[in-house]
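This report walks through one protein model, with attention to its open and enclosed spaces, its ligand and a few individual residues. Please keep the sequence and the structure in view while reading.

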Amino acid sequence: MNIDPILQRYSVIREKNPREIVLLRGSGCRWRRCRFCDYHTDFSKDSAENYRLNHSVLAQVTGKYHALEVINSGSFTDLDEATISLLKQTCFEKEISRLHFECHWMHRQSIPYCKEDFASLGICVKIKMGVETFHTLFRESYLDKGMGDASAQEIARYADEVCLLQGIPGQTVESMRHDIETGLEYFERVCINIMQKNSRPILPDPAVVSLFMQELYPKYRENPRVDILLQNTDFGVGGAADAQ
Ligand code: SF4
């Protein structure tokens, strides 16, 4: 367990699909094998402690856009029951009608119940899934994403939005463009994460990042269905908190 208690865990996204966003803490990603990711170190097996932290984060939500994105360095299934109940209560009290959750492919069978459960309260759940690329061999043999040979069509049966990872060795302008266009064809929204160096083996490729910035960033930066995170803290959560 490696928890930084002063991580920035609440922010407001004002452009493109305005929403509040919270970084909650759960019991930890069950996959933990993606070769580019060390976010999953933000977890605790102590559900009471997680709830206490999540309560303080959710207390900052105002409901100003009636939409809330919840991320927790894993899947919504890793959140404790008390936190899920508090989320429902927060949505009710703050008149939030759209809730975005993240989910790994391994938990896809939990998605229909989650959507029905929240829909019964008038809350529309949108599921964001980290797919990284639709090139299945690259995704599984290099990134170890844990999605088998799932195609865009299959993934779209469960997910409403996808995250793509770009700026890594082996990618080209055409492969990145193909992933973005496939994401836009099958999903409501696409979130592009530009690879940042971390403690895991996969490194950003400066030449590929440069190609993305020259050829793709100008084309997609204004697209209202595309979020582009040049830094992984661009949504305002995950970095060090300002002194309070
Ligand atoms: S990218 Fe997501 S699924 Fe993969 S190890 Fe990180 S938190 Fe887990």
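Is cysteine 34 buried or exposed? Cysteine 34 has a relative accessible area of 8%, and because buried means under 20%, cysteine 34 counts as buried. The model discussed here is a predicted one, and the values below were computed from it.

**Cysteines and the ligand**

Cysteine 34 is also one of the residues around the ligand, a group that consists of Cys29, Arg32, Arg33, Cys34, Phe36, Cys37, His40, Ser73, His104 and Lys145. Divided by class, this shell around the ligand holds four nonpolar, three polar and three charged residues. As for where the ligand is placed, the space that it takes is the largest pocket.

A disulfide is a covalent bond between the sulfur atoms of two cysteines. How many disulfides are counted in this model? The count comes to zero. Cysteine 124 serves as an example, for the nearest cysteine sulfur, that of cysteine 114, is 11 Å away from it, and cysteine 124 is in no disulfide. The cut-off explains this case: a disulfide needs a pair of cysteine sulfur atoms within 2.5 Å, so cysteine 124, with its nearest cysteine sulfur 11 Å away, does not form one. Cysteine 124 has a relative accessibility of 36% and therefore counts as partly exposed.

**Pockets and the cavity**

The spaces found in the model can be set side by side by volume and by the classes of their lining residues.

| Space | Volume | Lining residues by class |
|---|---|---|
| Largest pocket | about 1100 Å³ | 20 nonpolar, 16 polar, 11 charged |
| Second largest pocket | about 340 Å³ | six nonpolar, no polar, seven charged |
| Largest cavity | about 40 Å³ | two nonpolar, one polar, five charged |

The largest pocket, whose space the ligand takes, is lined by 47 residues, and those that lie nearest its centre are Cys37, Tyr39, Ile71, Ser73 and Glu102. Two or more residues of this lining come from each of strand S3 (67–71), strand S5 (124–132), strand S6 (161–166) and strand S7 (189–194). Among the elements, S5 gives the most to the lining of the largest pocket, with four residues.

The second largest pocket is lined by 13 residues, and Glu15, Lys16, Arg221, Asp227 and Ile228 lie nearest its centre. Strand S8, which covers residues 226–229, gives the most to this lining, with three residues.

Over the whole structure, the search finds one cavity of 30 Å³ or more. Which residues line the largest cavity? They are Asn17, Arg19, Lys128, Glu161, Arg189, Val190, Cys191 and Asp227. The element that gives the most to this lining is S7, with three residues. Asp227 appears both in the lining of the largest cavity and among the residues nearest the centre of the second largest pocket.

**Two residues with positive phi**

Most residues other than glycine have a negative phi. Lysine 16, although not a glycine, has a positive phi of about 50 degrees. Lysine 16 lies in the loop between strand S1 (10–13) and strand S2 (19–23), and its relative accessibility of 23% means that it counts as partly exposed.

Serine 73 likewise has a positive phi of about 50 degrees without being a glycine. The loop in which serine 73 lies runs between S3 and helix H2 (81–93). Is serine 73 buried or exposed? With a relative accessibility of 16%, serine 73 counts as buried. Serine 73 is also one of the residues around the ligand.

**Two serines in helices**

Serine 56 is found in helix H1, residues 47–58, and counts as partly exposed at 40% relative accessibility. From C-alpha to C-alpha, serine 56 and leucine 24 are 9.8 Å apart in space, while in sequence they are 32 residues apart.

Serine 210 has its place in helix H7, residues 206–220, and at 31% relative accessibility counts as partly exposed. Serine 210 and threonine 83 are separated by 127 residues in sequence and, from C-alpha to C-alpha, by 41 Å in space.

Technical notes:
Residues numbered from 1 in each chain as written. Predicted model: local features only at pLDDT ≥ 70, side-chain atom pairs only at ≥ 80, totals over all residues. Heavy atoms only, no water. 1 Å grid on protein atoms, 1.4 Å probe; cavity = no way out; pocket = protein on both sides within 12 Å on 5 of 7 lines; lining within 4 Å. Points joined across faces, edges and corners; volume = space filled by probe spheres on them. Nonpolar A, V, L, I, M, F, W, Y, C, P; charged D, E, K, R; others polar. Buried < 20%, exposed > 50% of the residue type's maximum accessible area, 1.4 Å probe, protein only. Near = heavy atom within 4 Å. Sits in = over half its atoms within 2 Å of the grid points.
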